Amino acid sequence: MNLDFCFLDADERVIATGWGYERDLELELHGDGGAVQPISVIRHARQDLRTSEPLGWVAIFRLPVPEEVTDEPGTMFVKLGSDFREVSAVQLFEDEERLVDIGVDEVFFTYLRLIAARGIATPSGKIVQMMRRRMRARLQPPGEKMDLALSVDRCLVAPQGQGVVLGWYLPGSAPTEAAVALAMDEVQLAPVMLLPGSLPRADLQPYSGRYRFTGRDGYCGAFSFAAPVEGAVQVVFLPQSEDPSFAIGAAAEPGGAGAVARTTIEASMGLSDAEARQRLRSALLPPHRGWDERAVLRSIEARAPATASDDPVLLIVDHDLPDPDLRDVLRNLLSQLQGRVALHLLRDGLTPVLDQAALGAAHEAGEGRLSPATAALSIQRQPAREVIFARSSALFQIGLPDHGGEGAGALSVVDPIGALIDARGVDLLGRFDRDVLPFVARLDGEVFFRLLDLAPRGYLTEEARVRALLLMLAQRSAIEVRRADLPSYFVGKGGPHAELFPDGGDWHAYDAEGKKLMSAGIAQ
């Protein structure tokens, strides 16, 4: 048996690669937990063996679980027929790098295709950097090739790590393998959930003499990195080709999260299959892993007494009213607060009207009470003894919830249905989460920022992350929750988050759909 590489991936699968003349591969992995057969075996050609026969193989095993867990990994063996090869612990942790560094092209590109198909866990860091260096000289631009044609019409990636790609793909003949793709920046890799043959492209009919044309040869795809983007992003397509090491690379254009969402919705509206639309949407979302209970407990216990801090109250506002109304919102709020206040608006930037409104409110409040406003769609950590989070329309109609000092904060929720019927029969927290009810929240500053670092990512709005944070705290009785008795409520229609997408929903509706997909465990 010729065993080239054998390594352990992040999902505790053992991947072994090798070659041989055996027609039937009777492979097994032997360890302290017993013997297991591979969950899949991929055969491929090896040009270095001077034959087109698929003599190379990649086998994937589930790691056998020993009855007794020890700190030292036990000895492992790969068995083929009656032949055994020992696998050292050093190999298990170093062979993946060796494969990327010195593995022949056929093994390397088979490895890449398995990552793209989620058959092998996605590596990161040094291995991704090694991949980029190795593929740099091999990647071809999109276009017409001898045995296929592939075009990239649009490829966008947001700073938070979500991306979408659209184009068309014409194979030379009916493919026996699905086209796959990977996205990579400088240090991380993400499989692209690619849907080839999913969008109508009747305009490609003139190519029917050279390639396989079906009329639905457009593709769309989406991906999500585990962390914000670092450096330039490239999408690498690995279509079936006569050349086993063939790959096409396309640079992703930086764009806002809203642009990525809009492009994804536009693409999904062209998909005829509801399941495909769901898969495309959920590919932009991180896996739903729940809250780290220990980290949550540490964060809540980190709360400092209000008297122990000279930091300002931080007001984080999604201003969804007309720009001039910001002055009235701030005037009303400042009358309810003591001490210094810092203002952060969830906007790309301050318009002249918003800037003047904030300056006017600061002038009325007195020197030094209201700091100059900052603006960004994301929340950045800054010193704050308390954080108040709300939309302007909620602040104006609800006001601030009282917080007597018990727990980490207080939450007021607008629930018109609960205000009209017996509140005891209304699941306020369920509706707060499910129906995106308006709210005003005030939390201890240290608790807020620590928990925000743990909150789910992948949403368009910071409100969706804060809502998840508040729901978690309320379910643990760590904050006071009250229903605001308002029989009617005016919903603000201003600001970037009220922008409507082609399907008629706004940013908040988009995030609500994403939350459902994550909660259902459908996210990639």
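**Exercise 1. Find the volume of the second largest pocket and describe what lines it.**

The second largest pocket has a volume of about 570 Å³, where a pocket is, on a 1 Å grid over the protein atoms alone, an open set of points with protein on both sides within 12 Å along at least five of seven lines, and lining residues have an atom within 4 Å of a point. Grid points are joined across faces, edges and corners, and a volume is the space filled by probe spheres set on the points. This is a predicted model, in which local features need pLDDT of at least 70 and side-chain atom pairs count only at pLDDT 80 or more, while totals for chains, interfaces and linings use all residues. Residues are numbered from 1 along each chain as its sequence is written, and side-chain values use heavy atoms, with hydrogens and water left out.

The next step is the lining: it has 23 residues, and those closest to the centre of the pocket are H44, T110, R113, E177 and P244. Strand 5 (40-46), strand 6 (51-62) and helix 2 (105-116) are the elements that each give two or more residues to this lining; helices (H or I, at least four residues) and strands (E, at least two) are DSSP runs numbered from the N terminus. Divided by class, the lining has 9 nonpolar, 8 polar and 6 charged residues, with Ala, Val, Leu, Ile, Met, Phe, Trp, Tyr, Cys and Pro counted as nonpolar, Asp, Glu, Lys and Arg as charged, and the others, Gly among them, as polar.

**Exercise 2. Place strand 5 and strand 6 in their sheet, and state which strands stand at its edges.**

Begin with the pair itself: strand 5 and strand 6 run antiparallel and are joined by 6 bridges, and two strands count as paired if DSSP finds at least two bridges between them. S40, for example, has I60 in strand 6 as its bridge partner. The two strands form a hairpin with 4 residues between them, and R50 in the turn has a positive phi of about 55 degrees.

Then widen the view to the open sheet, whose 4 strands follow the order 1-2-6-5 with antiparallel pairing. Strand 1 (2-8) and strand 5 each have a single partner strand and stand at the edges, so one side of each is left without a neighbour in the sheet. On average, neighbouring strands of this sheet are turned by 20 degrees against each other, direction ignored.

At the other end of the order, strand 1 and strand 2 (residues 13-19) run antiparallel and are joined by 6 bridges, and L3 stands opposite G18 in strand 2. Helix 1 packs on the sheet and touches strand 1 and strand 2, its direction making about 115 degrees with that of strand 1. Helix 2 lies across strand 1, strand 2, strand 5 and strand 6, running at about 145 degrees to strand 5.

**Exercise 3. Describe how helix 1 and helix 3 are arranged, and which residues meet.**

Two packed helices are described by the angle between their axes and the distance between the axes. The axes of helix 1 (residues 89-102) and helix 3 (residues 126-136) come within 9 Å and cross at roughly 10 degrees; axes are lines fitted to C-alpha atoms, for helices over the stretch in contact, and angles run from 0 to 180 degrees between N-to-C directions. Helix 1 and helix 3 are therefore roughly parallel to each other, the term used for angles under 35 degrees.

For the residues, E96, E97, L99, V100, D101 and I102 in helix 1 meet K126, I127, M130, M131 and R134 in helix 3, contact meaning heavy atoms within 4.5 Å. By class, this contact has 6 nonpolar, no polar and 5 charged residues.

Methods. Parallel < 35°, antiparallel > 145°, perpendicular 65-115°, else oblique. 1 Å grid on protein atoms, 1.4 Å probe; cavity = no way out; pocket = protein on both sides within 12 Å on 5 of 7 lines; lining within 4 Å.
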